[in-house]
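Grab a viewer and something to scribble on. Here are a few exercises to work through, each with its solution spelled out.

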Amino acid sequence: MKDNLNRSINYLRISITDNCNLRCIYCMPKEGAIYHKEDEMITLDEAFTFVKIFSQLGIEKVRITGGEPLLRTGICKLVKNIRSIDSIREIGLTTNGILLPRYLDELYESGLTTLNVSLDTTDEEKYRKMTRIGNVREVIGAIKKAKEYNLKVKLNSLIIHDFNEDEIDSLVQFAIENDVILRFIELMPIGYGKTLKGFKNDDIKKKIEEKYTLKEFDDDELGSSKGPAEYYKLGDTDKLIGFISPISHCFCETCNRVRITSDGKLKECLYYEGNLDLKEELRKGTSQEELKEKIIKAVILKKKQHKFLEIGKVEDSDEKAMSMIGG
């Protein structure tokens with residue numbers, strides 16, 4: 001499946017809930033969070049149907065997101081069902097890690113292949129400040145447990161002024177000691193993230209280079225797990241560190257993904273409002289063949305790039321919490 005700029009679309013991110021058991025400052029309000037009602041969200045059977053349809057259109061990689069996807073009952077069955085689709089080569093999960101120990105055995109047995117865990121600090125007090133609720137020891141324990149499985153484990157970290165800018169070195173050390181790939185992601189000016197000041201990855205690189213030499217890495221070795229990150233080797237070690245820089249180094253020209261929100265909207269781009277309501281189409285009886293045609297037409301219209309840097313632009317993502325869009 002290609003868009004009108006000849007970009008091959010082979011990666012689907014599908015959110016199965018907008019609810020979360022944390023209240024991270026860049027994602028959700030401290031109190032009064034509004035969630036979709038149960039009948040407004042896609043069912044897990046509908047999620048599987050969408051994945052089947054997209055797999056017939058060239059999708060090879062699927063990532064399950066939220067909110068916190070492990071809050072959704074039946075997630076392991078969904079992973080197992082997706083794993084049964086021959087053309088899907090990789091099934092990933094993005095989680096805050098709190099519930100991971102409870103489900104890790106079954107997730108692995110169901111066919112999960114990659115795991116992304118959000119970790120912005122290893123300091124207990126800072127973690128509580130950033131998440132408002134969480135205990136970082138639980139997340140660290142989950143990461144250590146995940147390493148016992150044959151899963152590709154990556155950490156996703158956001159660095160924000162006045163919160164965790166002094167945690168860069170400790171996050172690097174944690175990644176080295178626990179043999180996981182650390183990726184720094186620039187803060188997106190979406191929802192509550194618009195009120196905060198994130199660090200650009202160039203500045204984070206400079207900070208890391210005070211202690212390590214960052215060596216170019218042939219990231220083709222990562223295959224489908226590469227994603228939009230730019231990877232380096234840390235000094236003389238075999239450890240990798242990645243930088244995902246959608247703001248300072250826009251990678252839209254190579255974007256290969258589309259998203260389905262927890263209420264069933266297809267978003268061809270994180271920035272723009274989606275125009276196709278997959279859930280509504282399915283529930284009103286649109287056939288899968290008709291839905292394929294609608295998806296193809298929507299993907300063809302995928303925009304050239306986001307407009308996060310254009311002051312005054314107001315699009316769908318400007319007004320919604322990231323948890324509602326799908327992290």
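The exercises below go through aromatic pairs, nonpolar cores, charges over rings and two single residues in this predicted model.

**Exercise 1. Classify the ring pair Phe 184 and Phe 243: stacked, edge-to-face or tilted?**

Start with the tally: there are 4 aromatic pairs. For Phe 184 and Phe 243, the ring centres lie 6.1 Å apart, and pairing needs them within 6.5 Å. Next, look at the planes: they sit at 25°, and anything under 30 degrees counts as stacked, so this pair is stacked. Now place the partners: Phe 184 belongs to strand 6 (residues 181–185) and Phe 243 to strand 9 (residues 240–244), so to speak two distant parts of the chain, 59 residues apart. Both Phe 184 and Phe 243 are buried. Finally, add Tyr 232, which forms one aromatic cluster with Phe 184 and Phe 243.

**Exercise 2. Find the residues with the most contacts inside the largest nonpolar core.**

First, the core itself: it has 85 residues. Its largest share, 7 residues, is supplied by helix 1 (residues 44–55). The residues with the most contacts inside this core are Phe 184, Ile 208 and Ile 241. Take Ile 208 and skip its neighbours within four places in sequence: its contacts are Ile 168, Val 172, Phe 184, Leu 214, Leu 234, Ile 241 and Phe 243. That list brings back Phe 184 and Phe 243, the stacked pair. Another core, of 8 residues, lies apart from the largest one; Cys 269, Leu 270, Tyr 271 and Tyr 272 are among its members.

**Exercise 3. Which ring does the charged end of Lys 303 sit over?**

Check the distance to the ring centre, which has to be within 6 Å. The charged end of Lys 303 is 4.9 Å from the centre of the Tyr 272 ring and sits over it. Tyr 272 is one of the residues in the 8-residue core. Lys 129 offers another case: its charged end sits over the ring of Phe 163, 5.0 Å from the centre.

**Exercise 4. Place Leu 71 and say what it touches.**

Begin with the location: Leu 71 is in the loop between strand 2 (61–65) and helix 2 (75–83). Its relative accessibility is 35%, and the partly exposed class runs between 20% and 50%, so Leu 71 is partly exposed. Beyond four places in sequence, Leu 71 contacts Asn 19, Cys 20, Asn 21 and Leu 99. Cys 20 is 51 residues away along the chain, with a C-alpha to C-alpha distance of 7.2 Å.

**Exercise 5. Is Gly 141 buried or exposed, or partly exposed?**

Find Gly 141 in helix 5 (residues 136–146). Its relative accessible area is 35%, so Gly 141 counts as partly exposed. For a distance check, take Phe 163: it is 22 residues from Gly 141 along the chain, and their C-alpha atoms are 23 Å apart.

Conventions:
Residues numbered from 1 in each chain as written. Predicted model: local features only at pLDDT ≥ 70, side-chain atom pairs only at ≥ 80, totals over all residues. Heavy atoms only, no water. Phe/Tyr/Trp six-rings, centres within 6.5 Å; stacked < 30°, edge-to-face > 60°. Helix = DSSP H or I, 4+ residues; strand = E, 2+ residues; numbered from the N terminus. Buried < 20%, exposed > 50% of the residue type's maximum accessible area, 1.4 Å probe, protein only. Lys NZ or Arg CZ within 6 Å of the ring centre and 35° of its normal. Core = buried A, V, L, I, M, F, W, Y, C linked by side-chain atoms within 4.5 Å. Contact = heavy atoms within 4.5 Å.
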